[in-house]
Amino acid sequence: MIIKAAVPVLGLAALCFPVCAEKLVILHSNDTHSAIEPNADGTGGILQRRAVMDSVRKVEKNVITVDAGDVVQGSLYFKYFRGDVEYPLLNMMGYDIRILGNHEFDNGMADLAEKYKTVKGARLSANYDFTGTELEGVFEPYVIKKVKGKKIGFFGINIDPESLIAHKNISVNFKDPVSTANEIARMLKHEKGCDLVVAVTHIGYVKDNEKPTDVELANASRDIDIIIGGHSHTLIDPAHPEKYPSLIKNAEGKNVRVVQTGKGGKYLGKLTIDLDKLRGADGTDFAYELIPVTDRFPSETLNKEMIEFLKPYKLGVDSVNSRVIGQSAYNMSNSVRVGGMPNMTADFGYWYGNHKADSLRRAGTDIPRVDMAIMNVGGIRQDMPAGDITEGQILSTYPFSNHFLIVAIKGQDIIDALSVASRKGGEAVSGNVRVVTDDSGNLIRVVIDGEEMDPEKIYYLGTIDYVAEGNDDLRTLANHKKIWFDDEEVAGPMLRWFVRQTELGLPVAPDQTSRFVKSL
């Protein structure tokens, strides 16, 4: 639908330039999220991505490889091995430039520093100041690559960690992305004499909060030629510019080429730049295409060093992924903000909170019943296809080191949080709740157990610690009093619940209707 086969694409690309032209090819990825194995449909896979990269390197003299962050978190390879798989493999793939995503911080800064100090190639961040932390000295703001007499400047821009990365996992002096990017780009172009300036970012293309995006960065820029982005999992397809345009006007009306490859390593982006025609060039002069990462390469041609490295890790992952613990009645996607997966997750939070509260009361602890549950759809990391559900699938779907808790909180703080969620398209709320909005997604009221929520009343909310800290833009949920905290990580009780459903002969079949409803 989007892309042509890789070999014809490369062949056609070679014909687009005179034989004498000097070209630079930039291959880029983002948000691969521990997608080590190919998907069931044959897309993705880190060995297959390496094969694509090698196929380009065979026909192109000047290749620079870039990753825009979130290389971890999303499969059992990270859940079990904490980056010991992904970082060495990316070194073997020969990435030249990397920046951090927000999920690189999931195990804290000390762990990240230990892993990232082994990373080869340039490690960039212009707007995270790590002075006085474990990551001090690990990153540089920019790097200049010299290619056939031309100077290509790359710099890294990271997202505002507030309400996104748990406070316990990051300590950084954050600098505004737009002003920092413009300052670095001006310096690279006008003081360092760079012929091309490339921003590598992890701030996202799609607007869903007050934080700046790649589109806004491009609009406000003057000296940036290309933005290689990540974070929002946006597949910017040059064949369909009407959906997510790849060419964005800057402050001077000049086109900036903005690119991103979706998520999960299903595509590799390819920028082709004529080095002989950089003077006066803008985004329209930089050819851009998406190369699908598929299983079209014969197994005997895949990188043997990477295969041998993966063997012991793959053995452990395969054993867990083959253990069936339940059945899903229908296909459910993790890419939607309302419906089956969010409903199931929130309903479990509601049930589990009350299950624990009931047990504690029987043991003599004075604890109220839970009124409702709110979970974050960002914590749901995998689809759930109809059919067998495996233990590995649940661990991959809920991979984070989060814990359930019960908090006491005013109705107004819940209303304010759900108002933000409404504008973003929804969130995971329990089945006794309806969030009523207008046609534009603006909240009108919250209904709980058939009654409008009282802004002054104290409600008992079941959620997880990440959400209770006000993350995922649900900031007012931080205004709570903690009532109970579970020592066990989320995946443990969820696994037991799935097993119990099977013992009872019940399939997993949550309500699929949206709990965010438009007013009549």
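## Strands, contacts and cavities in a predicted model

Leu-268 has Ile-291 of strand E14 as its bridge partner. E14 and E13 run antiparallel and are joined by six bridges. The model is predicted, so local features require pLDDT of at least 70 and side-chain atom pairs 80 or more, while totals for chains, interfaces and linings draw on all residues. Numbering starts from 1 along each chain as its sequence is written, and side-chain values use heavy atoms, without hydrogens or water.

Both strands belong to an open sheet of six strands with mixed pairing, in the order E4-E3-E2-E1-E13-E14. Strands (E, at least two residues) and helices (H or I, at least four) are DSSP runs numbered from the N terminus, and pairing requires at least two bridges. At the edges of this sheet are strand E4 (122-124) and strand E14 (287-292), each of which pairs on one side only. On average, and with direction ignored, neighbouring strands of the sheet are turned by 20° against each other; the angles, on a scale from 0 to 180 degrees, are taken between lines fitted to C-alpha atoms.

Although E14 is an edge strand, five of its six residues are buried, so this strand is largely enclosed by the rest of the structure. Buried means under 20% relative accessible area (1.4 Å probe, protein chains only).

Within the order of the sheet, E13 stands between E1 and E14. Strand E1 (residues 23-29) is paired with strand E13 (residues 267-274) in the antiparallel sense, over six bridges. Val-25 is matched there with Thr-272 of E13 as its bridge partner. Lys-23 is also part of strand E1. With a relative accessible area of 14%, Lys-23 is buried, and its side chain has a polar contact with the side chain of Glu-60.

A further open sheet, also of mixed pairing, has five strands in the order E19-E16-E23-E18-E24. Its edge strands, which each pair on one side only, are E19 (428-429) and E24 (481-489). Strand E18 (residues 403-410) is antiparallel to E24, and five bridges connect the pair. Ile-406 is matched with Trp-484 of E24 as its bridge partner.

Two loops lead into strands of this five-stranded sheet. The loop from helix H9 (340-362) to strand E16 (372-375) contains Ile-367, a residue that counts as buried at 3% relative accessibility. Between the C-alpha atoms of Ile-367 and Glu-300 the distance is 61 Å, with 67 residues separating the two along the chain. The loop between helix H12 (465-468) and E24 contains Thr-476. The side chain of Thr-476 reaches backbone atoms of Asp-413 and Ala-417.

The table gives the polar contacts (N or O atom pairs within 3.5 Å, one able to donate a hydrogen and the other to accept it).

| Side chain | Partner | Distance |
|---|---|---|
| Lys-23 | Glu-60, side chain | 3.3 Å |
| Thr-476 | Asp-413, backbone oxygen | 2.7 Å |
| Thr-476 | Ala-417, backbone nitrogen | 3.3 Å |

The structure also holds four cavities of 30 Å³ or more, a cavity being a set of points on a 1 Å grid where a 1.4 Å probe fits but cannot get out. The largest has a space of about 90 Å³, the volume filled by probe spheres set on the points. Its lining (residues with an atom within 4 Å of a point) is made up of Thr-345, Met-375, Asn-376, Gly-379, Tyr-398, Pro-399, Phe-400, Asn-402, Ile-464 and Val-490. Six of the lining residues are nonpolar, four are polar and none is charged, with Gly counted as polar and Tyr and Pro as nonpolar.

Conventions
On a 1 Å grid over the protein atoms alone, a cavity is a set of points where a 1.4 Å probe fits but cannot get out, and a pocket is an open set with protein on both sides within 12 Å along at least five of seven lines; lining residues have an atom within 4 Å of a point. Buried means under 20% relative accessible area, exposed over 50%, partly exposed in between (1.4 Å probe, protein chains only).
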